[in-house]
Amino acid sequence: MESGPASPNAVSQLAQCLIHGRISKPDSILRLVLRLDTFPEHEALAALARLIEIVSASPHNRHAIAGRAGLVNALILNLSRFPDNLRPPLLKILLLAGRQRFTVHDTRAVLAQVQRAESADGGEGAACSLELLQLLCDVVSVSPSARVPSAFWDMGAGVLGMTGFDLPPENLVPLAARGAFTVALWVHLDPLSSLTTLFSLFDANGSGLQLQLHRVGASHCSHRDPAHQHAAAC
């Protein structure tokens with residue numbers, strides 16, 4: 001009994017999505033990337049290495065994978081199911097595409113996946129949570145000026161509705177300490193409140209940040225670092 005022709009390997013399938021090194025079929029690349037975990041490990045890694053190479057070398061290719069095909073959002077939602085050896089190159093592709101285009105929907109997807117990973121049992125969920133938080137920091141780390149944020153999202157009331165996320169302080173505190181996040185908000189205070197906590201983030205060791213509003217209208221921001229016997233207020 002004769003067998004049929006062998007299916008092309010992952011690198012060959014990737015090549016079919018290119019014309020002279022330029023991505024011509026972003027939708028096909030998305031479908032290929034999402035099933036790379038079904039290929040032998042060496043084929044999947046070779047295809048990812050080639051994709052990183054062509055995306056790094058061409059603004060057109062970065063725009064192609066970050067555009068309507070939806071690769072960024074799809075990879076964020078599926079990252080946790082890939083084995084450990086495939087996640088680093090997938091995160092590299094996410095970073096290249098994310099620095100080209102990263103929407104509020106992508107940000108919401110990252111934060112929702114972080115919350116889901118933190119609720120999973122075992123260390124794998126925590127590892128994926130930290131990877132996603134680091135990705136979000138790296139995507140917005142390049143700014144044209146020290147006074148200008150490299151990205152801004154309004155995640156409050158509006159078309160998208162009210163949004164709340166519980167983020168893991170043991171991962172977020174060290175990232176926030178590097179200047180990764182800025183919080184801006186409007187508040188409506190209860191007239192009877194003498195003290196309102198707007199933002200509070202502490203890890204298991206008591207390190208973290210807290211922002212409070214007092215009745216006189218003054219704000220109080222405190223930072224504690226028990227490991228170094230340091231406390232500050234502004």
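Contact here means that heavy atoms lie within 4.5 Å, and by that criterion P8 touches Q13, Q16 and F39 once residues up to four places away in sequence are set aside. The structure is a predicted model, in which local features need pLDDT of at least 70 and side-chain atom pairs count only at pLDDT 80 or more, whereas totals for chains, interfaces and linings use all residues. Residues are numbered from 1 along each chain as its sequence is written, and side-chain values use heavy atoms, with hydrogens and water left out.

The protein chain holds nine helices and six strands, these being DSSP runs numbered from the N terminus (H or I with at least four residues for helices, E with at least two for strands). Of its 234 residues, 36% are buried, where buried stands for under 20% relative accessible area, exposed for over 50%, and partly exposed for what lies in between, with a 1.4 Å probe and protein chains only. The accessible surface of the protein chain comes to about 14000 Å², and 55% of this belongs to carbon and sulfur atoms, the areas being obtained by the Shrake-Rupley method with a 1.4 Å probe. Among contacts with a separation of 6 or more, 56% are between residues 24 or more positions apart.

Returning to P8, this residue sits in the segment before helix 1 and is partly exposed, with a relative accessible area of 36%.

Further along the chain, H20 belongs to the loop between strand 1 (18–19) and strand 2, and its relative accessibility of 82% makes it exposed. The phi of H20 is near 55 degrees, a positive value in a residue other than glycine. Most residues other than glycine have a negative phi.

Helix 2 (residues 26–34) contains the buried residues I29, L30, L32 and V33. These lie on the same side of helix 2 because they cover an arc of only 165 degrees around the axis, the arc being that of the directions from the helix axis to the C-beta atoms. The partners against which the buried residues of helix 2 pack are helix 1 (10–15), strand 2 (22–23), helix 3 (41–57), helix 5 (71–78) and helix 6 (87–100).

Helix 3 also contains E43, which is buried yet has no salt bridge, that is, no side-chain nitrogen of Lys or Arg within 4 Å of a carboxyl oxygen of Asp or Glu. The nearest side chain of opposite charge is that of R35, 8.6 Å away from E43. Leaving aside neighbours within four places in sequence, E43 is in contact with N9, A10 and V11.

Key
Lys and Arg count as positive and Asp and Glu as negative; His and the chain ends are not counted.
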